[in-house]
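Visitor: I would like to take a close look at one part of this model, the pairing of charged side chains. Could you take me through it slowly?

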Amino acid sequence: MSVVGLVEAIAAVDWDGADRDAVAAVLADVRRVRGWLDSVEIRAARRLSELAAMCPSMFPEQVAAEAGRVSLTEASKGFERAATVAAIPEMGIVLEDGQVSGAHIDVVTRAMRPLTADQRDRLGERGEVLALAATLLPRDEFARTVREEVRRIHTDDGIDRLQRQRRNTALRS
């Protein structure tokens, strides 16, 4: 069903007569539409970034924040998601299909931050596996799967457990 069809179906729900299964079906449709909307925000962020490259005085995050009436921090999520989807296109495909939410993309974005460029590329090579896991798992379980993939990448880099522990430990006073 198209996005327009989904929205029409959601708008036409008779809430007074809806049973458990009908409500669950509507919520599944809402999730699909929300995923599609998240993918539209990513495309908009990508285009604003392209326009900003041609016009250096433009601040794309500010444009997105003003248009969406959100904070700069919230508006920047679209740009971070765009970078993640560019690195792992399979995640963008399942997002556009409404099979996952922007929150699934955020999980991968957070996991990629501390990685080197080479490690990000290696995570990107696992795009099909990550996309499949994202379609099957709720966000929190997907986050555990992504962390496990990142651990494998670190292990494959020859970093032993003690070195990882030392690197991840910081003294705070």
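Visitor: With which residue does R152 form a salt bridge, and how far apart are the closest N and O atoms?

Guide: The partner of R152 is E149, and the closest N and O atoms of the two are 2.6 Å apart; a salt bridge here is a side-chain nitrogen of Lys or Arg within 4 Å of a carboxyl oxygen of Asp or Glu. The model is predicted, so local features need pLDDT of at least 70 and side-chain atom pairs pLDDT 80 or more, while totals for chains, interfaces and linings use all residues. Residues are numbered from 1 along each chain as its sequence is written, and side-chain values use heavy atoms, without hydrogens or water.

R152 and E149 both belong to helix 9 (helices are DSSP runs of H or I, at least four residues, numbered from the N terminus), where three residues, about one turn of the helix, separate them. Their surroundings can be described by relative accessible area (buried under 20%, exposed over 50%, partly exposed in between, with a 1.4 Å probe and protein chains only). E149 counts as buried because its relative accessibility is 5%, whereas R152, at 41%, counts as partly exposed.

By the same distance rule, the count of salt bridges comes to 10, and two others can be set beside the pair in helix 9. One of them joins E96 to R43, with 3.8 Å between the closest N and O atoms. Since E96 lies in helix 5 (residues 89–96) and R43 in helix 2, this pair ties together parts that are 53 residues apart in sequence. E96, with a relative accessible area of 39%, is partly exposed, and R43, at 36%, is likewise partly exposed.

The other salt bridge is formed by the side chains of D106 and R81, which meet at 2.8 Å, N to O. D106 lies in helix 6 and R81 in helix 4, so here the parts tied together are 25 residues apart in sequence. Both D106 and R81 are buried, and together with D38 they are linked in a network of salt bridges.

A further arginine, R120, may be worth inspecting. R120 lies in helix 7, which spans residues 117–124, and it is partly exposed, with a relative accessible area of 31%. Leaving aside residues up to four places away in sequence, R120 touches M112, R113 and L115, a contact being heavy atoms within 4.5 Å. From R120 to V94 the separation is 26 residues in sequence and 19 Å in space, C-alpha to C-alpha.

Conventions:
Helices (H or I, at least four residues) and strands (E, at least two) are DSSP runs, numbered from the N terminus.
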